[in-house]
Amino acid sequence: MMAKKLAIIASKGTLDGAYPPFLLASTAVALGFEVKIFFTFYGLQLLNKNLNLKVSPLGNPAMPMPVPVPSIVQVIPGLEWFATWMMKRKLKQKGVASVEELRDICVESGVDLIACQMTVDLFDFDEKDFIEGISSGGAATYLEFAGDADVSLYI
Amino acid sequence: MSDFDKELDTSGLNCPLPVLKARKALSEMATGEKLHLIVTDAGANQDIPAFSKMTGNPLIETSEIEGKLHFIIEKGSE
């Protein structure tokens, strides 16, 4: 039987935005899928050796907060730091894997991580800052694989 | 609970870690051997049968004991 294929575009570089691509990719590999993740725009931050991902309540009215914080207050320096700290603590308390852990599993289990060359150039990302073993490609690279994929996601 | 060859307790761990750890444990086992998987993640009631079906490792038994889910999964042929 041919392995099923999962193609993901990861376009977000926030802590909450990092979970869906790495979580689904690592699980898909465990289920026997062949997986490729194409990192573009802010998603490229997920390829940095040192992840310093944050989550912000600003512009995200759906984010649960211990007390209601009006948008005007959310611009105060330190609030983003606090929200990130709170989210990380909660993830740990609930036994959720860290983004680093899930990314390591993806790398070890052969998920193909592809950096979008155009956005690497656009934002002057330095490929030396990225983890080892990633490749680069463009829209056609993604579409060639996604065209035959059973599941294709834009995150 | 039927006999098993290996036990894996993922109590306290949340999705997708129980599935990922079960996959790893099964990869180190021989065809026909049985894995006793213990999970507290409530989503496992749906996830473990899906995992078993998609990877060809039959789910022999499912039970709930004192709030924990217990699965016996047989390692299938590759």
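Guide: Two strands count as paired if DSSP finds at least two bridges between them, and helices (H or I, at least four residues) and strands (E, at least two) are DSSP runs numbered from the N terminus. This is a predicted model, in which local features need pLDDT of at least 70 and side-chain atom pairs pLDDT 80 or more, while totals for chains, interfaces and linings use all residues. Residues are numbered from 1 along each chain as its sequence is written, chains are lettered from A and ligands numbered from 1 in the order written, and side-chain values use heavy atoms, without hydrogens and water.

Visitor: How many bridges join E1(B) to strand E2 of chain B?

Guide: E2 of chain B covers residues 34–39 and runs parallel to E1(B). Across this pair, Leu8(B) stands opposite Leu37(B). The number of bridges joining E1(B) to E2(B) is four.

Visitor: Which strands of chain B stand at the edges of the sheet?

Guide: The sheet is open, has four strands with mixed pairing, and follows the order E1-E2-E4-E3 in chain B. Each edge strand has a single partner, so one side of it is left without a neighbour in the sheet; the edge strands of chain B are E1 (6–9) and E3 (59–65).

Visitor: Within what arc do the buried residues of H6(A) fall?

Guide: In H6 (residues 139–146) of chain A, the buried residues (under 20% relative accessible area, 1.4 Å probe, protein chains only) are Tyr142(A), Phe145(A) and Ala146(A). Seen down the axis of H6(A), they line one face of the helix, because their directions from the axis to the C-beta atoms fall within an arc of 95 degrees.

Methods: Buried < 20%, exposed > 50% of the residue type's maximum accessible area, 1.4 Å probe, protein only.
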